[in-house]
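User: Hi, I'm new to this. Can you take me through the ligand site and a pocket?

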Amino acid sequence: MRNDVVIIGAGHAGGMTAISLRQQNYHGLITLIGEESYLPYQRPPLSKGFLAGEIEQERLYLKKQSYFEKHNIHVIKDREVLGFDRDSKKVFLNDRKQIEYGKLVLATGSILNKIKTSCRKTNLYYLRTITDALKIQQSLKDKNKITIIGAGYIGLEIASIAARKNINITIIEMEDRVMSRVICPVVSDFFQKKHETEGVKFKFNVSVVDIEDNHNQKKIKCSDGTVIDTDAVIIGVGIKPNVELAINSGLVCEDGISVDENGQTSDESIFAAGDCTSHPNNIYQKRLRLESVHNAVEQAKSVAACINGEKKPYHQVPWFWSDQYNLKLQIAGMSQNYDQYIVRGNMEEEKFTVFYLQNKKIIAVDTINNLKEFFNGKKLIALGAEISPEVLQNKDANLKELIKQY
Ligand code: FAD
């Protein structure tokens with residue numbers, strides 16, 4: 001069977017590549033192959049509304065089955081791609097089928113970082129798929145005490161849902177503060193206090209040595225010598241790009257599959273999009289590897305355009321969000337290497353903005369419950385704006401007016 005476009009990975013980027021191709025009036029044959037049993041779906045609700053039982057599974061899907069049928073996108077579920085051959089342009093599936101491609105898109109996402117443990121898998125959870133979320137959902141119904149390993153956004157979002165169910169929650173984190181990879185200490189403090197007010201306990205600067213079984217419970221052995229008895233353990237300790245297929249086929253990879261601004265890899269017939277890639281970004285003048293929906297969607301659009309004979313280079317301000325309790329955290333830009341940060345607004349009112357500056361230029365913005373400033377902040381980053389800290393700090397200074405000056 002010969003296909004014009006074969007997409008490996010039916011997640012957010014893979015699904016959006018197929019959808020974008022049709023939206024951009026591409027008429028060739030498209031096959032989308034995924035190892036999960038679901039149509040392409042959004043993962044963010046898995047640690048938010050879906051886990052809380054507020055969003056139904058049907059609402060997670062990017063499109064219904066009927067859309068894929070109507071637009072002649074052939075979706076193959078429950079099949080793993082074991083490899084591909086660049087000379088014969090063939091993809092090999094785990095049911096021994098082979099599919100020929102004209103253009104290949106790698107949208108293989110990420111792989112969870114795992115912790116080595118000597119315990120059984122019961123009551124030990126990771127969160128990446130709908131299936132994982134359903135298991136955790138059940139666990140939150142019948143457990144009294146859970147321990148979350150990792151105070152990143154996934155661990156904290158799960159905690160904020162479990163806290164509403166009056167579950168005793170402890171979070172173990174090897175760094176000295178929450179979300180340390182993405183936000184500054186003052187915002188970490190703010191989120192930590194919110195969680196503590198809701199009854200969540202933290203253990204910082206501690207890593208897990210092992211997890212053992214204790215009848216139906218788990219015993220977590222920590223690096224500071226303490227032992228935590230718990231009913232269930234949920235682990236959220238990051239991910240890494242899923243590049244195995246790309247490496248095996250000799251494509252250039254460096255912290256992700258290396259692609260250009262159109263998502264093209266070192267082989268001109270092969271593209272990649274989403275979590276698995278590293279791409280150039282001319283706003284930051286460096287290569288980025290991002291783990292976000294915005295990245296998956298926008299890169300997919302660029303890949304689709306290039307396959308369709310048009311160029312829509314992807315150079316945008318990255319953004320991300322996290323929902324915890326009544327707090328909506330929105331992050332635009334990359335705050336790493338900031339040399340100054342400015343808080344605008346009142347933290348006690350739970351509505352404020354933090355600007356991150358590097359050599360006076362705004363490089364990133366965190367907003368808490370402040371949608372308007374998030375959009376304005378994102379524009380200021382894209383413009384490479386330099387605005388004095390006094391002005392940024394002044395709540396009455398109109399950011400929209402400042403944008404007009406650029
Ligand atoms: P994925 O959506 O992970 O899709 C990759 C797919 O490829 C998977 O289905 C995988 O099974 C399949 N695959 C891999 N290898 C093969 C193979 N060999 N054969 C067949 N299939 C294969 N982002 C945000 O911006 N905001 C959020 O609030 C947010 N919250 C999140 C919460 C959770 C719980 C999770 C897990 C992620 C969250 N993210 C969030 C991240 C976001 O969902 C990802 O960045 C996005 O899904 C990346 O899309 P992707 O297509 O690159 O990868």
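User: How do the residues of the shell around the ligand divide into nonpolar, polar and charged?

Analyst: This is a predicted model, where local features need pLDDT of at least 70, side-chain atom pairs count only at pLDDT 80 or more, and totals for chains, interfaces and linings use all residues. Residues are numbered from 1 along each chain as its sequence is written, and side-chain values use heavy atoms, with hydrogens and water left out. The shell splits into 14 nonpolar, 10 polar and 9 charged residues. Here Ala, Val, Leu, Ile, Met, Phe, Trp, Tyr, Cys and Pro count as nonpolar, Asp, Glu, Lys and Arg as charged, and the others, Gly among them, as polar.

User: Which residues come nearest to the ligand?

Analyst: Ala-13, Glu-35, Glu-36, Lys-48 and Asp-275 do, out of 33 residues around the ligand. A residue counts as near if one of its heavy atoms lies within 4 Å of the molecule.

User: What makes the pair between the ligand and the side chain of Glu-36 a polar contact?

Analyst: A polar contact is a pair of N or O atoms within 3.5 Å. A ligand oxygen sits 2.6 Å from an N or O atom in the Glu-36 side chain, so that pair fits the definition. A ligand nitrogen is also 2.9 Å from a polar backbone atom of Val-81, and a ligand oxygen is 3.0 Å from one of Trp-321.

User: How much of the ligand does the protein bury?

Analyst: The protein buries 97% of the 990 Å² that the ligand exposes when taken alone, going by the Shrake-Rupley method with a 1.4 Å probe.

User: And the lining of the second largest pocket: which element gives the largest share?

Analyst: Strand 8 does, with 3 residues; a strand is a DSSP run (E, at least two residues), numbered from the N terminus.

Definitions and conventions: A polar contact is a pair of N or O atoms within 3.5 Å; within protein, one must be able to donate a hydrogen and the other to accept it, and residues adjacent in sequence count only if both atoms are side-chain atoms. Helices (H or I, at least four residues) and strands (E, at least two) are DSSP runs, numbered from the N terminus.
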